[in-house]
Amino acid sequence: MARRRAPGTGKGARNGTGNAARAAGLAGAALVLLAVLVLSVGFGARQLSPSEVWQGLVAGDSAASTVVHGMRLPRTLLGLLAGAALGTAGGLMQALTRNPLADPGLLGVNAGASAAVATAAGFLGVATFDGYVWFALAGAAAVAVLIHTVGGGRGATPARLALAGAALNATLYSYVSAVMLLDSGSLERMRMWTVGSLAGAQPVTVAKVLPFIGAGLLLALALARPLGTLSLGDDTARALGVRPARIRTVSIVAVTLLCGAATAACGPIVFVGLIVPHLVRAVTGPDLRWLLPYCAVLAPVLLLGADVLGRVVARPGELQAGIVTAVLGGPFFLYLIRRTRTAQL
């Protein structure tokens, strides 16, 4: 006679316990994000006491109001949105391409958006976010499709995707540099933008980028379950009612919205979409239903933390957030390459 399991020892109980732990972890991550948001508003190149920051927030006529409301608050909100966009796009791209090294910056998606914005600024005289965003979306979409095609489509391997991304990155950023050097006006307008910065954030920019990133995040979260099914293989996915071509197309749309809008608003920022999904995966495993929300919460922690660090260590000037994330992400990328190579031996 089969032995009966004691209550609470079955698979359903284990899943319930795991989900409860992940939910608690997500709540903890949200608290960490809240703390970083407070730090981003409270610290900067200009030193303000906590009471001055509070007065700047609640009193529109205080001396600190210009700094807090005009500079730090929009900068913080833009970092929140751009970080969530880049982290979620990175997790989505790694799941879609099955490439642990996938990142919007490394695979050329951000470079495509940058090249399109440079074209708009250098040849068409576009100088506002309203104009940039549409070119950035078009450039990000074109490169997302191109990288998937050049890398081998459904048969793409991590090595082929990485090589295709590196080649496109080098080509597109060389083009951006050439446009800027040939046109002094474009050089001045895009000088800070090209390194990835939150410094130029304005309330209007935050308001205009929100719909694009919001739509991209909703699409990404809706894709979590079908992308998980797609990882079992196209035939299995079709048998379970998932249409692989449609899921890949919608995934590219989500990545385009997230990367294009973030790049148009604050320039190309690398490694956020690479580092965070790998760190999150140690907690959530490969389940995208948990991985993507964690990425959306913790990626702004990395981006805003890098921005605060750049403001504090270089007073009275500042290091741009894109420089700090590049310094942090470079060694992490080398570690991932070494670990991936060791696993393949």
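Begin the tour by selecting helix H12 (residues 272-284), whose 13 residues should span 18 Å at 1.5 Å a residue, and whose end C-alpha atoms are indeed 18 Å apart, which agrees. The expected span is 1.5 Å times one less than the number of residues, and a helix here is a DSSP run of H or I with at least four residues, while a strand is a run of E with at least two, numbered from the N terminus.

Before going further, note that this is a predicted model, in which local features need pLDDT of at least 70 and side-chain atom pairs count only at pLDDT 80 or more, while totals for chains, interfaces and linings use all residues. Residues are numbered from 1 along each chain as its sequence is written, and side-chain values use heavy atoms, with hydrogens and water left out.

Stay with H12 and colour its buried residues, among them Leu274, Ile275, Pro277 and His278; buried means under 20% relative accessible area, exposed over 50%, and partly exposed in between, with a 1.4 Å probe and protein chains only. Just after H12 comes glycine 285, whose phi is positive, near 75 degrees.

Now show the whole chain, which has 14 helices and zero strands. Of its 345 residues, 49% are buried.

Next, select asparagine 169 in helix H6 (residues 158-182). Is this residue buried or exposed? Asparagine 169 counts as buried, because its relative accessibility is 11%. Beyond its neighbours within four places in sequence, asparagine 169 is in contact (heavy atoms within 4.5 Å) with Gly105, Leu106, Leu107, Gly108 and Ala111.

Move on to the aromatic rings, where the count comes to one pair. Tryptophan 134 and phenylalanine 212 have ring centres 5.3 Å apart and planes at 80 degrees, so the pair is edge-to-face. The rule pairs rings of Phe, Tyr and Trp (its six-membered ring) if their centres lie within 6.5 Å, and planes under 30 degrees apart count as stacked, over 60 as edge-to-face and the rest as tilted. Tryptophan 134 counts as exposed at 55% relative accessibility, whereas phenylalanine 212 counts as buried at 16%.

Helices H5 and H8 also hold a salt bridge, a side-chain nitrogen of Lys or Arg within 4 Å of a carboxyl oxygen of Asp or Glu. Here the side chains of aspartate 130 and lysine 208 meet at 2.7 Å, N to O, with aspartate 130 in helix H5 and lysine 208 in helix H8, 78 residues apart.

The structure holds six salt bridges, and another to select is that between arginine 75 and glutamate 318, at 2.5 Å, N to O. This pair links distant parts of the chain, since arginine 75 is in helix H3 (residues 65-97) and glutamate 318 is in the loop between H13 and H14, 243 residues apart. Arginine 75 counts as buried at 8% relative accessibility, while glutamate 318 is partly exposed at 27%.

Add aspartate 307 and arginine 311, which form a salt bridge with their closest N and O atoms 3.1 Å apart. Salt bridges that share partners join Arg75, Asp307, Arg311 and Glu318 into one network.

Finish on helix H13 (288-313) by selecting leucine 309, which is partly exposed, with a relative accessible area of 41%. Leu309 belongs to a nonpolar patch on the surface, together with residues including Leu39, Phe43 and Val195, and H13 gives the most to this patch, with three residues.

How values were computed: Patch = residues over 30% accessible without salt bridge, like charges linked within 9 Å, V, L, I, M, F, W, Y side chains within 5 Å. Areas by Shrake-Rupley, 256 points an atom, 1.4 Å probe, with all protein chains shown as cover.
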